[in-house]
Every structure is written in C-alpha cells, then in structure tokens.
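Q: I've got the sequence and the model open side by side. Could you walk me through how to read it?

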Amino acid sequence: MSTAWSPSSWRSKPIAQDVVYPDRAKLDKVLNKISSLPPMVTPSEIERLRHQVTLVQQNEAFLLHAGDCAESFDACTHENISNKIGLILSFSLILIWGARLPVVRVGRIAGQYAKPRSSSTEKIGDREVMSFRGDNVNGLDANDRTPDPERLLSAYFHSTTTLNYIRGLLTSGFASLHHPRDWSLNHVRSPSLRTEFEKIVDGLSDALDFAKTIGVESNIAYEQGGGRGTMGEVDFYTSHEGLMLAYEEALTREFPLPSSVRQKEPPTPPVEREDGNVTPPCQPSLSAAARLSSSKKYHYNTGAHFIWIGDRTRQLTHAHVEYFRGIRNPIGIKVGPSMQSEELVRLLDLVNPDKEFGRITLITRYGAKKIDNYLAGHIRAVQASGHPVAWICDPMHGKGDIGFSTHTASNGLKTRDFGAIIEEITACLRIHSECESRLGGVSLEFTGELNDEGYSVTECVGGSMKMSEDELSLRYASFCDPRLNFEQSLDVAFMISDYHKKEYSEKVKGRRVKDGVRGVENVLYAELGGKSPA
C-alpha cells in the first residue's frame, strides 16, 4: 500500500459493497454540492472524542455505542429522536452509577443510512431487483430501487437536521429529565428480577437526590434561568458506517489542529502485566513533529465524529481501508470470526502505524456460540503488537437458528434472542478478564421508539418482559434488523451495571475479582435468559 494518501486515493483500489449509479454526471454534481456545504461536526469535537476514547483504552471510561441498525428519512421526527436520545441517556446513567466511570456516548444516528448487503439483488415476488441499500441510495419500494444521487444530498440534510435537534435537546436541560424515579418497571414479569431492578433504581435515585440536596445539582429549571448542571448537559457524539466512500470523501475537509492538541505529550511507558509480559510503550495522539507544527493541516471526516469499517469492507488492499487510514477521526473496526489474528494486526498497522492513542476501537461480533473460539486469540495478538485499542462488544450479530442472537422466527419475522445477546456480553467480560484485558464498552442496536399508544416496538424475543415469538407482530416496525426496545435495553444496562458495581465493591474492599463474570450466576443473568458457559 502506497504511503501517499489523499481523500480520493481510495478510488485506485478495489471496492467492496460499491453502488453503481446510472447517471454519473448527476452523481458528480451532487457530490460537488455536498463538498461545498458546511461541516456537520468540528475538529475540536472530534479531538475531544479522541481524548475520551483514550480514556476508554486506559480503562478510565466506558463507551456506549447505540442506535438503529439503519436510520430512515421518515423516522427523522422529533418524537423518534427524543426517544432515542432519552434511552441512551437512561442507559448511560445506569452504567455510570454501577461502574463509577464516565460513559462516552456515541449514537448510531445523524448519518447511519447506508446498508451493506450480502447480495446485490433480491427476489420480490417473481421479480429480481436491486437490493435495498438504505435511504441514501434507493427506496424500500420494489419500484424505487435505482440508485439516485439526490438521496445523498437528502441524507446530508436529514443528518444535519437530526444533529441540530440533538444539540438543542442536550443544551436545554433535556438530559436532566431522565430521572430513574420516572422509569416504569411494570413490564418486568419476574418478581425476583423486579426486586433486583428496584434495588438498582432506588440506589441510583438516592444518589441523584443526594447530589441535589448538597447543591451539586441545581433545583432551578433551565427555562427559569437555572444552570444546566452536571446532569443537564452531556457530551454526545454521532457515528455511522463509512460505507459510501464518495459521500465520505465529499465530507472530508482539511483543518489545522486545535492549538491545545499541538501541546507536547509524552509517550506512555512500558507496562508489565500480571502474566509477566510487557506491554510496549505507545505513542501519544501526535508525533513530535506534528505537535510542533502550527501550519500542518489534517483531514477530518466532518460528517460524523466517529465512523467504522464494516465486516464486509475491511479487506487490507481495498478502498475502505485506504480511505480510513488517512482521516484523523477515531474509527471503529468490526472484528468477527472470519478475521485472522495476523490479519487484524496487519490492519492495525495500516490504519494506525504510529500506535496513537484514541484512534482505534475494535468492535467484536462473533455470536455467543463462537466467541470462545476467537476472542482470546484476537486479544493476545493485539496485546503482543503493542497497539492501543478500545475493545467493545457487539452482541447483536450472531446468526443461525434459535439460540443465536439473530434468527428467523416461526412466523417468518427476523428477530433476535435476548438470552443469546447477554450470553455474548458476559462471555466477553469473562474472556477479557482471563486475558488480563478489559471490555471497554458495548455496541447495541436499540430504539426508544413508541407507537401512538406509548408502547415499545416488539422485534426481539426475551428479556424481562418475556417477549415471545407470537408477540413479535404486535408492533414490529424495523425495515432493517430487529432492535432491542426500551425495556430490553434497560435490561442490558442493569445487567452490565450490576456486574461493574460488584467488581467495584470488591476493588474498594481490596480484593481482586478473579471471576471475569461475577454476574453470570446471579438473579439478573439467570432471569434474563442467560445460560451458564459450557
């Protein structure tokens, strides 16, 4: 791979998941227009996220990556955006209380429109048509499958509208509205599980009430002149899969580094691990020459704070890796069973040759039945390479029959098994502990979406509400993959929070947690459908 890079150097490489537009002149006109429109996010915001990803890599923060499998233009409403952000805030509040760590919130929102497909065409009735590739490419209707460049422009404006509304919500007291005393636990059918949830909610509520009592939080509303407080304003970042490279190129801009980032940072010293091996020193987020230069400019993807390479587009010599290696944004890489350990290290060498902190997040997605065969080897290969990474678990994509996270229900609807989802998360916690590593976050496909009567979607089976396959058709709303609903999402948050709270308690008492899955055999895990590891 050539060392010369530009936002367009990917065009000389083979490309996976490409979209062929019949009207190239129209495509070029739209891309030129997008390239002249204002950035959606700023270099300072991107650098702030890099710093926070560094904290995740150093086990000083937890990363929550969450949202829809794919957004739709029709779902760009204030109700849907508010409900999604509200769920992310509620989830992160539970995690903060249990883990005693700040949570880095990265939404799959304001740009997650493209959809990779295993086949370029599909059969609808007796017709073979181009596969639906997401609202920024073509339409869901079988008669609207021709790729239209105008949809890229529409994606830009829907993304900016979404991001503008999110910024407004988070700077006007919206975050402080999501108090746990307002959460209903009526959906929890198991008495023992409801008791466990109520303990967590009561403890969290008491902590927030105490903060207000001693003056940490203001009792004066934002609308009445009160300050936002520590709960009233939070950092929130946007993300999407960097699939449509022509669109990403149009949103790639050159900027000088913020002056604070150019300050000198020492590299981290080598660290001796408990297994006797030594983690090599890692470089800071900039080379020494770059820190001293005030004139050098860097390329930022200004369409999102964080973008990721999918499992279908991570070929070492192909276009997506070429594009991703040159942007300054923190990036994610999906890692699944088909990734060889040597290939993973070579990929890290390509996209982060200087081993900079805050740059790489590895999003593992094996499935509960396969994670034991692959994760430990990947962890050890990365440890030996000296690359600093944040490890996060995507438990949504194990495919197969019942017992896998994703499968087809008896009624023909695509669904996900909640028990398999939490089984993969707990296995991930255990394996990281066994490898002297640490799980730094989770990547979930969930929604706070409600229907007109205020009920959640019904797309995944299981959880505290014991959703059955017969109930899926009640409120199945996804046009893409099935999502956890509000109640099921909080189930995951309670389980992870409970694990970290017990781990924290052991640490405070001066005892090291040797069992990587403290929560595996407790009430939460068992009642939520988890199975003990073999």
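**Reading the fold, piece by piece**

A: Sure, and let's start with helix α2, which is mostly covered: twelve of its 15 residues are buried. Keep in mind that this is a predicted model.

Q: Which residues of α2 are the buried ones?
A: The general idea first: an α-helix has 3.6 residues a turn, so residues three or four places apart point the same way. In α2 the buried residues are Pro43, Glu45, Ile46, Glu47, Leu49, Arg50, Gln52, Val53, Thr54, Leu55, Val56 and Gln57.

Q: What span should the 15 residues of α2 have?
A: At 1.5 Å a residue, α2 (residues 43–57) should span 21 Å, and its end C-alpha atoms are 21 Å apart, so the two agree. After α2 comes Asn59, with a positive phi near 65°.

Q: On to cores. Which residues touch the most other members of the largest nonpolar core?
A: In soluble globular proteins, nonpolar side chains tend to be buried together. Here the largest nonpolar core has 113 residues, and Ile34, Ile85, Leu152, Tyr247, Ile333, Leu362 and Val492 touch the most other members. Helix α3 (residues 78–99) gives the most to this core, with ten residues.

Q: What does Leu152 touch?
A: Leaving out residues up to four places away in sequence, Leu152 touches Tyr21, Leu27, Val30, Leu31, Ile34, Asn136, Met244 and Tyr247. There is also a second, separate core of 14 residues, with Val53, Leu55, Ala61 and Val104 among them.

Q: How do I read a strand? Take β13: which residues sit on each of its faces?
A: In a regular strand the side chains alternate between the two faces of the sheet. For β13 (residues 390–393), Ala390 and Ile392 are on one side, Trp391 and Cys393 are on the other, and all are buried, so both faces are covered.

Q: Do β12 and β13 pair in the parallel or the antiparallel sense?
A: Strands of a sheet pair through backbone hydrogen bonds, either parallel or antiparallel. Strand β12 (residues 360–364) and β13 pair in the parallel sense, over four bridges. To find your place, look for Thr364, which stands opposite Cys393 in β13.

Q: What is the strand order in the open sheet of three strands?
A: The order is β14-β15-β17, with mixed pairing. The edge strands, β14 (406–408) and β17 (460–461), each pair on one side only. β14 and β15 (residues 414–417) run antiparallel and are joined by three bridges. One residue to check is His407, whose bridge partner in β15 is Thr415. Helix α12 (residues 418–434) packs on this sheet, touching β15 and β17, and its direction makes about 50° with that of β15.

Q: Last one: how many aromatic pairs are there?
A: A pair of aromatic rings is described by the distance of the centres and the angle of the planes. The count comes to eight aromatic pairs. One of them is Phe91 with Phe446, a tilted pair at 5.9 Å centre to centre with 40° between the planes. This pair links distant parts of the chain: Phe91 is in helix α3, Phe446 is in the loop between β16 (441–445) and β17, and they are 355 residues apart. Phe91 has a relative accessible area of 0%, so Phe91 is buried. Phe446 is buried too, with a relative accessible area of 0%.

Q: Why is the pair of Tyr323 and Phe324 edge-to-face?
A: Their ring centres are 5.8 Å apart and their planes are at 90°, so this pair is edge-to-face. Tyr323 and Phe324 are both buried, and ring pairs link them with Trp5 into a cluster.

Key: Residues are numbered from 1 along each chain as its sequence is written. This is a predicted model: local features need pLDDT of at least 70, side-chain atom pairs count only at pLDDT 80 or more; totals for chains, interfaces and linings use all residues. Side-chain values use heavy atoms; hydrogens and water are left out. Two strands pair if DSSP finds at least two bridges between them. Helices (H or I, at least four residues) and strands (E, at least two) are DSSP runs, numbered from the N terminus. Contact means heavy atoms within 4.5 Å. Axes are lines fitted to C-alpha atoms, for helices over the stretch in contact, and angles run from 0 to 180 degrees between N-to-C directions. A nonpolar core is a set of buried Ala, Val, Leu, Ile, Met, Phe, Trp, Tyr and Cys residues joined through side-chain atoms within 4.5 Å. Buried means under 20% relative accessible area, exposed over 50%, partly exposed in between (1.4 Å probe, protein chains only). The expected span of a helix is 1.5 Å times one less than its number of residues. Rings of Phe, Tyr and Trp (its six-membered ring) pair if their centres lie within 6.5 Å; planes under 30 degrees apart count as stacked, over 60 as edge-to-face and the rest as tilted.
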